[in-house]
Amino acid sequence: MGQQATDRRMWEAIIAAEQQSARLRADFYRHAASRAETLSAALRGSTWDRGAALTFLQTFPSDVPALLRPLVELALSQAWALDARRAIARGRRDLVLPRLRDMVVERLPTADAEDLRRMAELLGSIEAWQILRVLVQNAAGSDDPDAREVAEDFTGRYGPMLVTGG
């Protein structure tokens with residue numbers, strides 16, 4: 001019973017820390033005077049800063065549209081892709097999608113196959129079908145066989161949504 005009691009105390013400490021973290025996030029959301037600027041710096045900061053900012057934005061997504069550029073950069077990275085996609089997905093679609101479309105279109109001329117794949121993964125994960133359609137069409141017309149492979153992969157995965165998706 002000694003180890004079970006120790007384990008329970010450790011678990012209770014984790015719960016208390018989670019509760020305190022939730023309270024601090026809510027306080028920061030309600031009272032920070034330069035929230036977007038602070039979050040922007042955090043998204044470029046240390047591993048702890050980035051992780052905390054991404055967790056915050058998944059919980060309180062109102063700053064996602066203003067922070068879309070650094071969030072997209074993180075969504076294209078291996079280490080942060082999943083958390084960044086989740087944060088982007090929580091943002092208001094009517095504000096996020098037009099900006100995201102502009103960013104994708106801006107990046108297409110210089111994107112390599114890996115960038116195309118990461119952007120396509122982001123767009124598929126947030127169901128941004130119209131933007132994904134633009135990316136796939138661009139990749140399909142590329143001279144690069146790896147880019148054309150991206151187009152084939154995502155057409156195979158999301159084909160019906162690319163024809164009729166919104």
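Ile15 sits in helix α1, which runs over residues 2-31. The model is a predicted one, and in it Ile15 comes out as partly exposed because its relative accessibility is 33%. Together with Trp11 and Ile14, Ile15 makes a nonpolar surface patch of about 280 Å².

Moving along the chain, Gly51 is found in helix α3, residues 47-59. With a relative accessibility of 21%, Gly51 counts as partly exposed; buried would require a value under 20%. Leu67 follows 16 residues further on, and the C-alpha atoms of Gly51 and Leu67 are 15 Å apart.

Helix α6 can be looked at in some detail. This helix takes in 15 residues, 93-107, so at 1.5 Å a residue it should span 21 Å. The end C-alpha atoms turn out to be 20 Å apart, which agrees with that expectation. As for burial, Val96, Leu97, Leu100, Met103 and Val104 are the buried residues of α6. They take up an arc of only 130° around the axis, and that is why they fall on the same side of the helix. Asp102 and Glu106, by contrast, are exposed and belong to the other side of α6. What do the buried residues of α6 pack against? Their partners are four helices: α4 (68-75), α5 (81-90), α7 (113-125) and α8 (129-140).

Now for the charged pairs. Across the whole structure, the search turns up 13 salt bridges. One of them joins the side chains of Arg69 and Glu106, with an N to O distance of 3.3 Å. Since Arg69 belongs to helix α4 and Glu106 to helix α6, this pair ties together parts that lie 37 residues apart in sequence. How open to the outside are the two partners? Arg69 is partly exposed, its relative accessible area being 43%, whereas Glu106 reaches 51% and so counts as exposed. The cut-off for exposed is over 50%.

Arg107, also part of the 93-107 stretch that makes up α6, has a salt bridge of its own. Its side chain meets that of Asp115 at 3.8 Å, N to O. Arg107 is partly exposed, because its relative accessibility is 22%.

A further salt bridge links Arg118 and Glu121, whose closest N and O atoms are 2.7 Å apart. These two residues are three places apart in helix α7, so about one helical turn separates them. Are they buried or exposed? Both Arg118 and Glu121 are buried. The pair also belongs to a wider set: salt bridges with shared partners connect Arg85, Glu114, Arg118 and Glu121 into one network.

Within that network, Arg85 is placed in helix α5. At 16% relative accessibility, Arg85 counts as buried, given that the threshold is under 20%. Leaving aside residues up to four places away in sequence, Arg85 touches Ala75, Glu121, Leu122, Ser125 and Ile126. Glu121 thus appears both among the contacts of Arg85 and as the salt-bridge partner of Arg118.

Notes: Residues numbered from 1 in each chain as written. Predicted model: local features only at pLDDT ≥ 70, side-chain atom pairs only at ≥ 80, totals over all residues. Heavy atoms only, no water. Expected span 1.5 Å × (residues − 1). Buried < 20%, exposed > 50% of the residue type's maximum accessible area, 1.4 Å probe, protein only. Arc of directions from axis to C-beta. Contact = heavy atoms within 4.5 Å. Patch = residues over 30% accessible without salt bridge, like charges linked within 9 Å, V, L, I, M, F, W, Y side chains within 5 Å. Areas by Shrake-Rupley, 256 points an atom, 1.4 Å probe, with all protein chains shown as cover. Salt bridge = Lys/Arg side-chain N within 4 Å of Asp/Glu carboxyl O.
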